[in-house]
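Got the model open in your viewer? Let's take a walk through it, one selection at a time.

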Amino acid sequence: MAILKGQRYYKLKLSIDNNNYQEIKMITNLHNHIQAVHNQSIDIVEYTAKALEQAKAINKEYNYFTTISEELALSQAQNLKKTPTGRLAGVFLSVKDAICVQGVESTAGSKILKGYKPLFNATVIQRCINEGAIILGKTSQDEFGFGGFAVNTEIVPKNPFNKDRVTGGSSGGSAGITQKADFAHLALGESTGGSIVNPALFCGVYGLCPTYGRVSRYGLLDYGSSLDKIGPMAKTIEDIASLLNIIAGHDDKEATSATQKTEDYTKYLNRPVRKMKIGIIKDLFGDVFGDGVDENITKAIYKKIEQLESEEVICEEVSMPITNKYGIPAYYIIATAEASTNLAKYCGIRYGAADDLKSNYNEYFTKFREANFSKEAKRRIMLGTFTRMAGYRDAYYTKAMKVRTKIIEEYQHLFKKYDALISPVMPMLAPKFSELEKLTPAQHYMADIMTAPPNLAGLPHINVPIGMHNDQALGLMLTTNHFEEGKLIQIGSAIR
Amino acid sequence: MQIDKQLVQHIASTARLQLSEQEINEFIPQLKEILDMFSQLDQIDVKNTLPSFHPILLENVTREDKIKPSLTQEQALSLTKHKEDGYFKGPKIL
């Protein structure tokens, strides 16, 4: 689809500006909105103008976008007005900056990709556009996904419930706008070690990270190629299932894309959970992080466990000693090793930022990378380069890959007996920016103790919001076996 | 594990990074703390375990060796100022 440019675009913009679209009452329910677009009872171009205006106003206060793609959105809306079809007709989609959108600046939150406007759409984007979704913009994130709090970047998003707190990360912008958007809205996040469920928790929305390979990574600016997953974020679990239906499935453009058949995930919504078995990972409710897990999280989760038990779900405490002891070091060795190789391609020649070619070969690349990677990116490149170096490779990199096998086996053993596992998402509630400054990089990494293991094992997991503690959102994490996203939806929809 | 300035500089140059003096001094204790954490893996026995380079078993996907649509040379070069005669242009090697 061509983006309207020049005079044609300004003519459209002028006609919209002359309309009284400010008076429009937006439809927040996805299903009702899509129906209204299908039967043309609303003018989607005017609705898009209003959604853009609202997104801009929210962005001014909260920094959720790196780019708002106004020209693309209005062009799409105009097309949709003529041909109002698709399972996501007129739904506004916010996209993590690391996922490529054709013609829209896509930087993965990094200075090194400044100005990069991809020549193609990521597969997930193409699928959503084919179903009539309107791209609202690219969302702020930790540079290349390097962080759990969305502070390792120039545009730092703020928590929707308290601007002094973080959104979580790395998909912070996607989570924040999902909470604040007052119109039919969905978002795409991406997780390497917890970057979907973590910000979903802190911003009080649903976020589902699918099985590794379930959703195509084609067009994703990668971090760790054996770990990265794109997944849906939304205000309701119904919307999560609808978006997953569209983005899941094999893609012949992507070598690690899974060939297993997909399902209609909406079928699992509100399906009875009676007699299902859930393992409570008891080690993750204890003293696993500094002073231990915030007691408000533990209390809130156990209340929901009681609710499930009252519906005859069998809940039993389980232990995962290998996973919880070795998950973080194994994850960070693998993630940084893969990141250091993936980031080797950013050299200031073919796309993105560039310098003048004055110096010689190594000097050019070295200076360019030094100036354009942030401190956290450099730290991870250094770690990953070190653990792959001759003499250290077997002790770190290869060993971590073997520990990953042990961790997968520990999960598989539990999934013989249990349908799902339940745990906190993070050991703390959304912290203030000022509280984060006290943590060392190693302590930052340790905060991923609950989310790194399922990511390392490529297992699907979801954040289910379960209320508020003052100005901080509460949530719980469900993890299921490979390709059992359906059960996440089933149990997630039973928790109200 | 001894993390000193020399090792940090060696890693940086391998990774094509030119760290400032200040960054090197900052990174030494940070990398030490993280590598100590990594060393926890010394405690687990994985002698008879195979590595998982991917979390799920992947099937080889093949296709017929036929040319499919792709970017033109012009498109591929459209995102850079560093080009000449239809090629990318890099910094001098010698």
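Start by selecting Ser170(A), which you'll find in the loop between β3 (134-139) and α6 (172-180) of chain A. Keep in mind as you look that this is a predicted model. Now check the backbone just before that serine: the peptide bond from Gly169(A) to Ser170(A) is cis, and its omega is near 5°. That's worth a pause, because most peptide bonds are trans.

Stay in that part of the chain and pick Ala150(A), whose place is also in the loop between β3 and α6 of chain A. Its phi is near 55°, a positive value in a residue other than glycine. Is Ala150(A) buried or exposed? Ala150(A) is buried, with a relative accessible area of 0%.

For another positive phi, hop over to chain B and select Asp85(B), where the angle is about 50° although the residue is not a glycine. Asp85(B) sits in the loop between β1 and β2 (87-88) of chain B. This one is exposed, at a relative accessible area of 70%.

While you're on chain B, go to Ser78(B), in the loop between α3 (73-76) and β1 (83-84). Ser78(B) counts as partly exposed, with a relative accessible area of 40%. Its side chain reaches the backbone oxygen of Gln75(B) at 2.6 Å. Which residues does Ser78(B) touch, leaving aside those up to four places away in sequence? They are Leu119(A) and Lys83(B), so one of these contacts crosses to chain A. Try drawing a distance from Ser78(B) to Ile24(B): these two are 54 residues apart along the chain, and their C-alpha atoms are separated by 37 Å.

Next, show both chains together and look at where they meet. Here 71 residues of chain A are in contact with 57 residues of chain B. The two chains bury about 5,800 Å² between them, 71% of it on carbon and sulfur atoms. How many salt bridges are there between chain A and chain B? The count is four. To see a salt bridge up close, select Lys375(A) and Glu26(B), whose closest N and O atoms are 3.0 Å apart. There are also 21 residue pairs in polar contact between the chains, counting those where both residues are at pLDDT 80 or more.

Now color the side of chain A that touches chain B. The elements giving two or more residues to it are α10 (321-342), α11 (361-372), α12 (375-387), α13 (394-415) and α15 (441-446) of chain A. Of these, α13(A) gives the most, with 12 residues. By class, this side of chain A has 37 nonpolar, 18 polar and 16 charged residues.

Head back into chain A and select Ser94(A), in strand β2 (residues 92-96). Ser94(A) is buried, with a relative accessible area of 0%. Its side chain makes a polar contact with the side chain of His185(A), at 2.7 Å. Turn on the neighbors beyond four places in sequence and you'll see that Ser94(A) touches, among others, Phe65(A), Leu136(A), Thr139(A), Ile177(A) and Leu188(A).

Last stop: the cysteines. A search of the whole structure finds zero disulfides over all chains. Why does Cys209(A) have no bonded partner? The closest cysteine sulfur, in Cys128(A), is 16 Å from the sulfur of Cys209(A), too far for a bond. Cys209(A) counts as buried, at 0% relative accessibility. Select Cys315(A) too: at 13% relative accessibility, Cys315(A) also counts as buried, because the cut-off for buried is under 20%.

Key. Residues numbered from 1 in each chain as written. Chains lettered and ligands numbered in written order. Heavy atoms only, no water. Contact = heavy atoms within 4.5 Å. Buried area = accessible area lost by both parts, 1.4 Å probe. Salt bridge = Lys/Arg side-chain N within 4 Å of Asp/Glu carboxyl O. Polar contact = N/O pair within 3.5 Å; in protein donor to acceptor, adjacent residues only side chain to side chain. Helix = DSSP H or I, 4+ residues; strand = E, 2+ residues; numbered from the N terminus. Nonpolar A, V, L, I, M, F, W, Y, C, P; charged D, E, K, R; others polar. Disulfide = S-S within 2.5 Å. Buried < 20%, exposed > 50% of the residue type's maximum accessible area, 1.4 Å probe, protein only.
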